[in-house]
Structures are given as C-alpha cells and as structure tokens.
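Good morning, everyone, and thank you for making room for me today. Please have a look at the structure on the screen while I talk, and keep your own questions for the end.

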Amino acid sequence: MAGGGAPAAKADEPQPHPPKDQLPNISYCITSPPPWPEAILLGFQHFLVMLGTTVLIPTALVPQMGGGNEEKARVIETLLFVAGINTLLQTLFGTRLPAVIGGSYTFVPTTISIILAGRFSSEPDPIEKFKRIMRAIQGALIVASTLQIVLGFSGLWRNVARFLSPLSSVPLVSLVGFGLYELGFPGVAKCVEIGLPELILLVFVSQYVPHVLRSGKHIFDRFAVIFTIVIVWIYAHLLTVGGAYNNAAPKTQASCRTDRAGLIDAAPWIRVPYPFQWGAPSFDAGEAFAMMMAAFVALVESSGAFIAVYRYASATPLPPSILSRGIGWQGVGILLSGLFGTVNGSSVSVENAGLLALTRVGSRRVVQISAGFMIFFSILGKFGAVFASIPPSIIAALYCLFFAYVGAGGLSFLQFCNLNSFRTKFILGFSIFLGLSVPQYFNEYTAINGFGPVHTGARWFNDIINVPFQSKAFVAGCVAFFLDNTLHKREAAIRKDRGKHWWDKYKSFKGDTRSEEFYSLPFNLNKYFPSV
C-alpha cells in the first residue's frame with residue numbers, strides 16, 4: 001500500500017446504517033395528501049383514537065364535581081369541539097405539523113385539587129356545586145394559558161429550544177411515549193376479555209397480514225384501527241346484550257359494557273358549545289399559579305410530542321422559531337379550553353402521534369379532516385355519544401401500540417449521537433432512570449397517603465412542587481437538557497457526540513430550503529409574520 005493513509009475499508013465489512021434527518025418509507029408526508037376517500041377514512045381513524053382521552057378525563061372528573069350524565073355528555077362535547085378548533089389552529093397557524101391537540105392528563109392533578117377545595121363543600125345542590133367548580137377551573141385555565149402564549153409568541157421558548165440537541169431530545173421524546181405505560185396494559189386488564197383480543201388483533205392485522213397478503217395496497221396496515229375496533233366492539237356489544245356483565249362489579253361494567261355511562265340518553269341531538277356556557281369564570285390566585293405550573297409541564301411534554309410528530313410526518317427537524325410558534329398557539333388552545341369550560345387544558349395528543357407511525361401517513365390534510373369530524377360529532381351529540389361508548393379497554397389496547405411508537409421515535413434520535421462516548425451514556429442513562437424513578441416515588445407516596453410528598457397548608461403550593469415531579473417526560477427532559485448543556489459542551493468532539501452538528505442548519509428557519517415547504521404559514525402570512 002503506497003503512502004501512509006488509513007487502510008481502506010474492506011468490501012465485505014458491515015457498514016453502519018446512515019443517519020437520516022427525514023424518516024424514509026413514509027407513504028404521504030405533510031404536504032402530500034392521500035386521495036380524498038382515503039384521507040377521509042384516515043381522518044375518521046384519528047378522530048376515533050383521540051376519543052379515548054376526550055371521554056376518559058370528563059368521565060373521571062365530572063362525577064367528583066357533582067355533575068350527572070347530562071353534564072358529563074355536555075363536557076365531552078365541549079372538549080371535542082374545542083379539540084377540533086385547536087387542531088385546526090395548530091395545523092394552519094401553529095407548527096403546521098399533523099398534530100392533534102386534545103385533552104391532557106397533565107392538568108388532571110391540579111384540577112382535582114380545585115375540585116377538593118374546601119369552599120365548594122358547603123354547596124348542597126350538586127349541579128350548582130358542579131357549575132361553581134367548573135367556573136373555578138375555567139378561571140385557573142384562562143390565567144395559566146398566558147404562560148404558554150407569552151413564552152411561545154415572545155420567542156422565549158425559541159431561545160430555550162435552540163439548546164436542544166438530538167441527545168437531550170432522546171429522554172424527553174422517549175418518555176413522552178413510554179412514560180404513559182400506566183395507561184396501556186393496566187387499562188387492557190380491566191376488561192381482559194375485550195382488551196386482549198383488541199391488542200392481539202391490532203398487532204396481527206397491522207404487522208402480519210400485509211406481509212402475508214402482499215397485495216401492494218396498504219389497506220390492512222393503514223386502516224387496522226378501524227377494522228379491529230369494529231370487530232371487537234361488535235363482540236363486546238354481543239357480550240353486553242347477552243347479559244355477560246349483568247351481575248358484574250360496577251368497575252367491571254364501566255370498563256366492559258358498550259351501553260355504559262348513560263351518555264347516549266343524556267346527549268342532546270344537536271347542541272353547539274359556546275364560551276361561558278357554565279357562567280362567568282371565578283379566579284383564585286393560588287389555583288391559577290398551580291395551573292400555570294401544570295401548563296409549563298404540558299409545554300415541555302408537548303415540545304417532545306411535536307418532535308415525535310415531525311419525525312413521523314417525514315419532515316425536517318423543527319426550527320426553534322416554529323416550535324415556539326406552535327407553543328404560542330397551544331396557549332391559545334388552553335385559553336379556549338378555559339373560555340368554553342372543558343374541565344381540562346390542551347396539549348399534543350400522544351396517541352395520534354403514534355397513529356401517524358402505524359399508518360405511515362403524515363399528511364396535514366388528514367388531521368384537518370379529523371378536526372372536522374371532531375367539530376361535527378360534538379354538535380351532533382347523539383352520534384358522538386355512540387362512538388364515545390367504545391369500552392375503555394379497547395382504547396387502552398390502542399395505547400399499547402401508539403405510545404410504544406412515540407417512545408421508539410424518541411430512541412431513533414440516537415442515530416445522530418456517539419453511543420461509544422461515556423458522556424452520552426451517562427446523560428442518557430441517568431436522565432431516563434431519574435425520569436422513571438422520581439415520578440414513581442411521588443406517585444407511590446400520593447397513592448398511599450392521599451397527598452404528595454410536599455404537604456403544606458397551601459394546596460396550590462403543594463401542586464406547584466408535586467405536579468412537575470409526577471411527569472416522567474418532564475423530569476427526564478429537564479435532567480438531560482441541563483446535563484447536556486453544562487457538561488463540557490464547548491469541545492468540538494463533544495459537540496459531535498451530542499449530534500448537534502446534524503441540527504445546525506435547522507437552527508434558523510432560512511437555514512434549510514425544506515423548512516419553507518413544511519412550516520411556512522398559509523395565505524402568504526409569512527410576509528407579515530416572518531419566521532426567524
């Protein structure tokens with residue numbers, strides 16, 4: 001061999017997989033919509049998937065507030081209506097990613113604190129009590145929305161997002177998906193004779209059937225959710241009608257029956273939700289601060305979910321200014337939640353991000369169609385209530401697949417990092433471990449004692465400390481972000497280990513020509529609101 005150069009790689013040596021900043025093998029990316037019939041079916045599928053959270057949260061909270069079936073039906077319709085509007089706003093003017101904006105579990109602990117506040121216990125009339133609590137929740141949400149609106153539209157969140165690297169994104173995005181494991185199989189097991197068949201069928205129809213048939217048409221993998229829900233729903237209905245649950249425990253009936261909850265009877269035929277439908281919001285400073293903290297946790301989790309969505313929509317990495325714009329519009333979403341009275345704030349629907357991966361369709365139009373379904377079925381209450389009667393264990397089976405996809409989307413950013421670096425190993429391992437371990441302690445303590453580890457006389461202060469530490473994605477994301485930006489990051493080799501050089505050209509909106517294609521505003525609005 002002439003010269004002193006490095007020896008050439010042998011032809012038969014295995015080559016590593018090349019990193020890709022856009023995910024390959026996606027059938028339709030953001031800007032390429034499928035044919036209309038297919039797009040409508042896919043949109044309906046997104047609607048079915050987001051229904052789970054939309055029904056489960058009011059079903060858990062409204063009875064505690066003193067509301068009956070009628071109030072529950074109205075709250076579900078309102079939450080669905082606001083989710084449709086927020087999804088349209090996010091896909092048109094926010095990040096422009098195919099992200100569904102729906103209800104969020106992050107706001108539930110703070111909401112329960114408001115429900116348990118002593119000032120409502122003296123109210124003898126349950127419906128009046130329900131309305132008073134609802135107005136207090138509305139007030140807290142309206143104030144809390146200002147946090148995301150200010151951080152998003154002022155560009156402050158853009159300055160934070162600039163310091164994100166592929167390495168610090170991994171724990172954040174992974175635990176946005178994997179961190180919701182409590183909503184997966186434990187939910188399936190509540191009615192295992194319905195949940196397990198759904199889970200097995202979903203995996204079989206979406207993963208095995210396409211390979212066996214090899215028809216070239218993506219029917220089974222793309223519409224697996226509709227196929228399997230219909231089959232298992234009919235089977236669950238036959239069990240219900242056949243009297244299988246007539247003498248079962250109330251908890252089993254709630255998880256298994258298809259005629260549960262009296263929702264269909266209580267829902268009106270046609271009703272348009274409107275702002276302040278429960279009366280004028282009431283404001284309490286402590287509750288507003290506690291809700292602000294929940295909004296901040298939701299902001300961090302949604303940033304991780306947006307990163308997963310861009311990946312599965314086969315877009316280029318999100319420029320920080322676009323992420324910040326999306327957070328601002330999500331703040332507007334929380335404001336609308338407060339004005340309409342949805343009993344809950346808004347954030348990116350993690351399960352719908354997973355559905356993008358299952359269908360391999362990241363089209364913006366599909367999600368806008370699903371927003372149309374949300375608004376349509378929230379106004380036609382009876383029809384919406386029929387779909388809302390899908391047993392929760394079927395929804396939990398879907399979660400097992402979708403949350404797993406989002407978690408795997410987070411792990412996929414490891415392709416940009418140097419996994420042979422001990423710094424990388426430490427940041428990854430330590431942040432993911434703490435992200436699982438710290439919330440486990442807080443949740444376990446709360447379950448045993450009925451209150452969190454921070455337990456003072458001021459309930460709002462307890463929430464400000466306890467709620468963030470109950471979020472796995474928040475803890476892991478913050479630990480990884482802090483370590484990644486403080487541990488000798490100035491060295492050039494370490495910059496490469498973090499994968500930062502892969503994201504350099506996306507630091508500004510104009511750094512890559514594809515950003516314009518994916519993220520620029522419609523109606524030539526970029527002229528008046530330029531992205532930086």
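I will go through the overall fold, then the nonpolar cores, then the empty spaces, and at the end two residues in loops.

A word on the source: this is a predicted model, in which local features need pLDDT of at least 70 and side-chain atom pairs count only at pLDDT 80 or more, while totals for chains, interfaces and linings use all residues. Residues are numbered from 1 along each chain as its sequence is written, and side-chain values use heavy atoms, with hydrogens and water left out.

Let me begin with the whole protein, which has 23 helices and 2 strands; these are DSSP runs, numbered from the N terminus, with helices being H or I of at least four residues and strands being E of at least two. The C-alpha trace spans about 90 × 55 × 50 Å along its principal axes. The radius of gyration is 23 Å, which agrees with the value near 24 Å for a compact globule of 532 residues; that radius is taken over C-alpha atoms, and the globule rule is 2.2 Å times the number of residues to the power 0.38. Of the 532 residues, 56% are buried, where buried means under 20% relative accessible area, exposed means over 50%, and partly exposed lies in between, with a 1.4 Å probe and protein chains only.

Now to the cores, each a set of buried Ala, Val, Leu, Ile, Met, Phe, Trp, Tyr and Cys residues joined through side-chain atoms within 4.5 Å. The largest nonpolar core has 105 residues, and the members that touch the most others are F47, V225, Y310 and Y519. Helix α12, residues 285-312, gives the most to this core, with 10 residues. Apart from this core lies another, of 26 residues, including F107 and I133. In general, nonpolar side chains in soluble globular proteins tend to be buried together.

Where is empty space left inside? A search of the whole structure finds 5 cavities of 30 Å³ or more. On a 1 Å grid over the protein atoms alone, a cavity is a set of points where a 1.4 Å probe fits but cannot get out, whereas a pocket is an open set with protein on both sides within 12 Å along at least five of seven lines, and lining residues have an atom within 4 Å of a point. Grid points are joined across faces, edges and corners, and a volume is the space filled by probe spheres set on the points.

The largest cavity holds about 170 Å³, and among its 13 lining residues A161, L164, L318, P320 and W503 lie nearest its centre. The second largest pocket has a volume of about 490 Å³; 22 residues line this pocket, with S206, H211, H218, D221 and R360 nearest its centre, and α8 gives the most to the lining, with 5 residues.

Finally, the two loop residues. F276, in the loop between α11 (263-266) and α12, has a positive phi of about 55° although it is not a glycine, and S314, in the loop between α12 and α13 (320-340), also has a positive phi of about 55° without being a glycine. Are they buried or exposed? F276 counts as partly exposed, because its relative accessibility is 40%, while S314 is buried, with a relative accessible area of 9%.
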